[in-house]
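This briefing is meant to be read alongside the sequence and the three-dimensional view. The points below are grouped by topic and move between single residues and the whole chain.

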Amino acid sequence: MSKRVALVTGAVGGIGTAIVTELAKAGFKVAGTYIAMEAKILPDWKAAREKEGVSCELFEVDVTDFDACIKLIADVEAKCGPVDVLVNNAGITRDATMKKMKKDNWDMVINTNLNSVFNVTRNVVEGMLDRSYGRIVNISSMNGQKGQFGQANYSAAKSGIHGFTMSLAQEVARKGITVNSVSPGYTATPMVRAIDEKILKSIIAQIPAGRMAEPEEIAWTVRFLADERSGFINGANVPVNGAQYTCF
Ligand code: NDP
């Protein structure tokens, strides 16, 4: 049987890179997206993946652009084959308290973190329905479950992902498609590691595990949900937060 195809958005970011690596190791043919601004880091990124023996076809797209996502899926399917696994991972933060939040910062976060999930999924799901198979994994956030001071935009978008996940799962379950979300807590990506040491210490002090997640731990959860054998886990959210926020 030919390899299953997995598409990861935000593939060259901290968590995206770990997901690409994990899925490639699991035997998927991996396609990833990057945004034009990231073009300058691509040569180093590709060289690092080659060194690890990881191959990934990269496609440029702005996931906030619905028409660009139509083209993305056509391009991925032409080059790699039908998408069996979709990981909606691209995301941004633009934190501010409500009094200071600019309309732009609200719109950018909702467009990038929530509307993008519709833009990409909408263009993948019909193919999955036709083929009666699919795994969709949406990267949400612990802060989408519990809210976070200064993150009304981000928490609203990430919380919206949960509603999207639960609803779509009910629509497509009969056709062998699962739709789940993963909610990471603080994760030690290069961006987070760059936070001022004092602030970082105070963040870690609030995590019962006494440390942040490694990107590979988020990637492992994605791999588990992307596996064929995870077919009865559907409409679920998997928290990966070192017991920082517990609920059921
Ligand atoms: P990164 O910024 O490293 O990765 C996000 C990726 O998405 C980047 O490559 C980014 O590009 C890309 N991206 C941003 N906007 C767009 C767009 N419009 N179109 C296409 N791609 C875009 O962050 P992380 O790896 O930390 O985050 C990955 C996911 O995990 C996000 O959804 C985030 O919200 C979530 N998450 C992260 C946590 C953490 O502690 N790190 C905790 C909880 C959730 P660019 O770099 O150019 O912006």
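S132 is partly exposed, with 38% of its relative area accessible, and its place is in the loop between helix 4 (103–131) and strand 5 (134–139). The phi angle of S132 is near 55 degrees, a positive value in a residue that is not glycine. The model is a predicted one, and the values that follow are computed from it.

**Positive phi outside glycine**

- A243 likewise is not a glycine, yet its phi is positive at about 70 degrees.
- A243 is found in the segment after strand 7 (237–240), where it counts as partly exposed with a relative accessible area of 45%.

**Overall form and make-up**

- The protein contains 9 helices and 7 strands, and its radius of gyration of 17 Å is close to the 18 Å that the globule rule gives for 248 residues, so the protein is as compact as a globular protein of that length.
- Measured out along the principal axes, the C-alpha trace spans about 50 × 40 × 35 Å.- Of the 248 residues in the protein, 47% are buried.
- Among contacts with a separation of 6 or more, 75% are accounted for by residues 24 or more positions apart in sequence.
- The accessible surface of the protein comes to about 12600 Å², and 55% of that surface belongs to carbon and sulfur atoms.

**Charges and salt bridges**

- The protein carries 28 positive and 26 negative side chains, and the centres of these two sets lie 4 Å apart.
- Side chains of opposite charge can pair when their charged atoms come close.
- A search of the whole structure finds 11 salt bridges, and the pairs described here are among them.
- D84 forms a salt bridge with R4, with the closest N and O atoms 3.3 Å apart. Because D84 lies in the loop between helix 3 (66–80) and strand 4 (85–88), while R4 lies in the segment before strand 1 (5–8), this pair ties together parts that are 80 residues apart in sequence. Both D84 and R4 are buried, that is, each has under 20% relative accessible area.
- K71 and D75 meet through their side chains in a salt bridge, at 2.7 Å from N to O. The two residues are 4 residues apart in helix 3, so K71 and D75 are separated by about one helical turn. K71 is exposed at a relative accessible area of 51%, whereas D75 counts as partly exposed at 29%.
- R229 forms a salt bridge with D227, and the closest N and O atoms of this pair are 2.8 Å apart. R229 is exposed, with a relative accessible area of 76%, whereas D227 counts as partly exposed at 22% relative accessibility.
- Salt bridges that share partners also join R4, D84 and E228 into one network.

**A buried asparagine and its surroundings**

- N138 is found in strand 5, and at 0% relative accessibility this residue counts as buried, because the cut-off for that class is under 20%.
- When neighbours within four places in sequence are left aside, N138 is in contact with N88, V117, I161, F164, T165, V179, N180, S181 and V182.

**Distances in sequence and in space**

- P190 is found in helix 7, which covers residues 190–193, and P190 is exposed with a relative accessible area of 57%.
- P190 and G13 are 177 residues apart in sequence, and their C-alpha atoms are 8.8 Å apart in space.
- N115 lies in helix 4 and is partly exposed, with a relative accessible area of 31%.
- N115 and E197 are 82 residues apart in sequence, and the distance between them in space is 34 Å, C-alpha to C-alpha.

Key
Residues numbered from 1 in each chain as written. Heavy atoms only, no water. Salt bridge = Lys/Arg side-chain N within 4 Å of Asp/Glu carboxyl O. Buried < 20%, exposed > 50% of the residue type's maximum accessible area, 1.4 Å probe, protein only. Rg over C-alpha atoms; globule rule 2.2 N^0.38 Å. Contact = heavy atoms within 4.5 Å. Areas by Shrake-Rupley, 256 points an atom, 1.4 Å probe, with all protein chains shown as cover. Lys, Arg positive; Asp, Glu negative; His and termini not counted. Charge placed at Lys NZ, Arg CZ, Asp CG, Glu CD.
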